[in-house]
Amino acid sequence: MEEADQNFKTKKIETDVVKCPSCGGTMVFDPELQALKCEHCGNVSDFKKDFEVVERNIAEGFENAELVGEEEQVAYRCSNCGAEVVINSDETATICPFCGTSHVAKEGSFKGIRPQVVIPFQFGKDKASDFAKKWAKRRLFAPVDFKKKLEPENVHGVYEPCFTFDSDTKSTYYGRVGDIHTRTVGSGKNRRTETYVVYRNVSGVYNEFFDDVMVATNAKFDQRKMDMLSPFDRSRACNYEKKFLSGFFADKYQKNLSESWDDAKKIIDSRIRKDIENSLHCDEVDYLNISTTHTGVTYKYVLLPVYRLVYGYKGKDYGVMINGSSGKAKGKTPKSAIKVSIAVVLAIAAAVGLGFLAFALAKSGALDDFMAISRKIFTSFPLKSLK
Ligand SMILES: [Zn+2]
Ligand SMILES: [Zn+2]
């Protein structure tokens, strides 16, 4: 324990240097350089990243998780949207990255689990804005002028928290599954095909190792949002230190480690169920009881890079999230009333046109031919690729 404390102290002294050695300005993490850069004079200071990421054993107990240093981070609360964010204590927050307002107030020193791993931002706000604009181009119903709002000054970098878990699982199962068969019954005019289910009892053992099951811990960046923005480039993951947070926000985790482990078990359970069902090659499941034991469970507290772009358009707020390692963008855009009306008019025109065409064809007796051809076109057309 004493040794651990000592390591912690030396680390802290080293990471406290975020002031520019030449002008005393604040050094912030520059994603393009993957180094610290002085906001004031442009002085660049590189630092060593440690890619030897360590997993923590769950058996050591969640209560022994390392905490952030005294006075290392401060928490802010937004009175407009309720968001709680964390920044380095030697910086000041003047804007809320979630709603873009300045209704943020300091809550005090943040006490909580220290992040273990960080996937650093790989590009700056300019590029994030470009990714958002590219994404907006594909939004057909978005008004043209809203794209002007997707500017770098509306972009904020937020490290979103997540816990990842590894687990070696062993499951035993028993149940009853069914296979659908068909048979021909009756004779003459009553001859027909009917389907019936043949049930079989199943039981067995199923082993699977789960690596880095990601669990979201914050309502503003929940499981659905995280899955939507995934994957995050894990090859960039390195051990967390304060320097990565300099110039950025971090979202606070809301679910603690043991609550997150409960969520992880639910995710793992549903994957195991799916995998066992697939391995049984059946058409339906009558019931399936599975009991799973976890061994060698390890966890990491990881910060994921997410750019948030918030903007108001005609009195309403909209937001875009951009994966800070891949550029993948997701969000909501306003809909242009004119564009939507044009689409509706076109759709009606097409439907009316088709109606007239069918009417004309029916009159000429060619409707059956037309229907046959249309069917052929539609069945040979890969409809799935349209999605
Ligand atoms: Zn400087
Ligand atoms: Zn806010």
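User: Which residues does Ser171 touch, once those up to four places away in sequence are not counted?

Analyst: This is a predicted model. In it, Ser171 touches Gly204, Val205 and Tyr206. The rest of the set is Ile272, Ile290, Ser291 and Thr292. Ser171 itself is found in strand E9, which covers residues 155-185.

User: Which of these partners has a side chain in polar contact with that of Ser171, and over what distance?

Analyst: Thr292 does. The two side chains are joined by a polar contact of 2.9 Å.

User: Is Ser171 buried or exposed?

Analyst: Read the relative accessible area first. Buried means under 20%. Ser171 has 0%, so the residue counts as buried.

User: Now the metals. Which atoms coordinate the zinc ion (ligand 1)?

Analyst: Look for the donor atoms, then the distance. The protein donors are the SG atoms of Cys20, Cys23, Cys38 and Cys41. They lie 2.3 Å from the zinc ion (ligand 1).

User: What is the geometry of that site?

Analyst: Go by the angles among the donors. Four donors count as tetrahedral if all angles lie between 85 and 135 degrees. Here the angles among the four donor atoms are 100 to 116°, and the site of the zinc ion (ligand 1) is tetrahedral.

User: How are its donor residues spaced in sequence, and where do Cys20 and Cys38 sit?

Analyst: The spacing for the zinc ion (ligand 1) is C-x2-C-x14-C-x2-C. Cys20 is in the loop between helix H1 (2-15) and strand E1 (27-30). Cys38 is in strand E2, residues 35-38. The two are 18 residues apart, and the pair links distant parts of the chain.

User: Why do Cys20 and Cys38 count as buried?

Analyst: Apply the same cut-off, under 20%. Cys20 counts as buried because its relative accessibility is 4%. Cys38 is buried because its relative accessible area is 3%.

User: Which residues hold the zinc ion (ligand 2)?

Analyst: Four cysteines coordinate the zinc ion (ligand 2) through SG: Cys78, Cys81, Cys96 and Cys99. The distance is 2.3 Å. Angles of 105 to 116° among the four donor atoms make this site tetrahedral. The donor residues are spaced C-x2-C-x14-C-x2-C in sequence. Cys96 is buried, at 1% relative accessible area. Cys99 is also buried, at 14%.

User: What surrounds Met226?

Analyst: Start with the element, then the contacts. Met226 lies in helix H3, residues 223-229. Leaving aside neighbours within four places in sequence, Met226 is in contact with Cys162, Met214, Val215, Ala216, Phe221, Phe232 and Leu304. Its relative accessible area is 0%, so Met226 is buried. The C-alpha atom of Met226 is 9.7 Å from that of Val306, 80 residues apart along the chain.

User: How many helices and strands does the protein chain have?

Analyst: Seven helices and 15 strands. Of the 387 residues, 40% are buried. Among contacts with a separation of 6 or more, 71% come from residues 24 or more positions apart. The accessible surface is about 22100 Å², and carbon and sulfur atoms hold 54% of that.

User: Where is the pLDDT below 50?

Analyst: Check the chain mean, then the stretches. The mean pLDDT of the protein chain is 86, and 88% of residues reach 70 or more. Over residues 1-15 the pLDDT is below 50, and that stretch has 11 contacts beyond near neighbours in sequence. Residues 381-387 are also below 50, with one such contact in the model.

Key
Residues numbered from 1 in each chain as written. Chains lettered and ligands numbered in written order. Heavy atoms only, no water. Donors = N, O, S within 2.8 Å, 3.2 Å for Na, K, Ca; no water. Tetrahedral: all angles 85-135°; square planar, octahedral: opposite > 155°, others 65-115°. Buried < 20%, exposed > 50% of the residue type's maximum accessible area, 1.4 Å probe, protein only. Helix = DSSP H or I, 4+ residues; strand = E, 2+ residues; numbered from the N terminus. Polar contact = N/O pair within 3.5 Å; in protein donor to acceptor, adjacent residues only side chain to side chain. Contact = heavy atoms within 4.5 Å. pLDDT = per-residue confidence, 0-100. Areas by Shrake-Rupley, 256 points an atom, 1.4 Å probe, with all protein chains shown as cover.
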